[in-house]
Amino acid sequence: AQTPFLGNAASGGGAKILTTQQLPASTHPTGHKAFASVTGWYDSTANKTYSFKLYMQDTSGSSGYVLVGETRFKANTNLYAQFALSGSLTNPTTGVVNMKLEVTRTGTSGVYANDNSTATDVVSEVSGFMLGAR
C-alpha cells in the first residue's frame, strides 16, 4: 500500500506515521532487548529533504517514545529513493514494546527548513521485522 504525505508546514502535512508494530512482553525473567529493521522506497520532489525516524516505547516504564534510528536524504531531482533503518532499545525489558516509523519532508535548506508545498509524495513497500533478543 502507498502512503501519501505533504510538506511539514503544509496544510495537512507534517510527520506521517508509516507503520506501527508491537512486540509482546517477554516471559524470560531478565526480559529481552527490542530490535527492529525497516525498509521501503519513496518518490521524491526536487530540492526537498526527507527524514525517516524509527521510535520505540517500553510500556513497562513511564517514558514515551524514544528515537532509535534515523536517516535523511536531500533530493536534487525528482527520483525514487530507498530507505533502510534499524534500531534497538538500550535496556532489556519484560514489558510490551511499541514501535513506529515516521517520515517528514522539509525544504531545500535541510531538516530545519519548512516546506509549505502541498505536492504529494508517496512511500511504498514498507517492510521489516521486530524481535526481542536476549
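Strand β4 (residues 48-58) is joined to β5 by 9 bridges, and the two run antiparallel. Strands here are DSSP runs of E with at least two residues, numbered from the N terminus, and two strands pair if DSSP finds at least two bridges between them. Across this pairing, K53 stands opposite E70 in β5. The model is a predicted one: local features need pLDDT of at least 70, side-chain atom pairs count only at pLDDT 80 or more, and totals for chains, interfaces and linings use all residues. Residues are numbered from 1 along each chain as its sequence is written, and side-chain values use heavy atoms, with hydrogens and water left out.

Zooming out, β4 and β5 belong to an open sheet of 4 strands, ordered β2-β7-β4-β5 with antiparallel pairing. Its edges are β2 (16-23) and β5 (66-75), each of which pairs on one side only. On average, neighbouring strands of this sheet are turned by 15° against each other, direction ignored; the axes behind that angle are lines fitted to C-alpha atoms, and angles run from 0 to 180 degrees between N-to-C directions. As background, strands of a sheet pair through backbone hydrogen bonds, either parallel or antiparallel.

E102 sits in another strand of this sheet, β7 (residues 97-106). Is E102 buried or exposed? E102 counts as buried because its relative accessibility is 13%, the cut-offs being under 20% relative accessible area for buried, over 50% for exposed and partly exposed in between (1.4 Å probe, protein chains only). Its side chain makes a polar contact of 3.4 Å with that of K100; such a contact is a pair of N or O atoms within 3.5 Å, where within protein one must be able to donate a hydrogen and the other to accept it, and residues adjacent in sequence count only if both atoms are side-chain atoms. Leaving aside residues up to four places away in sequence, E102 touches A15, K16, I17, S51, F52, K53 and Y55, with contact meaning heavy atoms within 4.5 Å. So K53, which stands opposite E70, also turns up among the residues that E102 touches.

Past β7 comes a loop that leads to β8 (121-133), and G110 lies in it. G110 is buried, with a relative accessible area of 14%. G110 and T49 are 61 residues apart in sequence, yet their C-alpha atoms are 5.5 Å apart in space.

A further open sheet has 4 strands in the order β1-β8-β3-β6, again with antiparallel pairing. Here the edge strands are β1 (3-5) and β6, and each pairs on one side only. Neighbouring strands are turned by 30° against each other on average, direction ignored. The antiparallel pair β1 and β8 is joined by 3 bridges, and P4 has V122 in β8 as its bridge partner.

V122 also meets D43, a residue of strand β3 (residues 33-43): the D43 side chain reaches the backbone nitrogen of V122 at 2.6 Å. D43 is buried yet has no salt bridge, a salt bridge being a side-chain nitrogen of Lys or Arg within 4 Å of a carboxyl oxygen of Asp or Glu. The nearest side chain of opposite charge, R105, is 7.1 Å away; Lys and Arg count as positive and Asp and Glu as negative, while His and the chain ends are not counted. Among the residues that D43 touches are Y50, L79 and Y80.

At the β6 edge, S88 lies in a strand spanning residues 80-88. S88 is partly exposed, with a relative accessible area of 33%. Its contacts, not counting residues up to four places away in sequence, are K33, A34, F35, M56 and V68.
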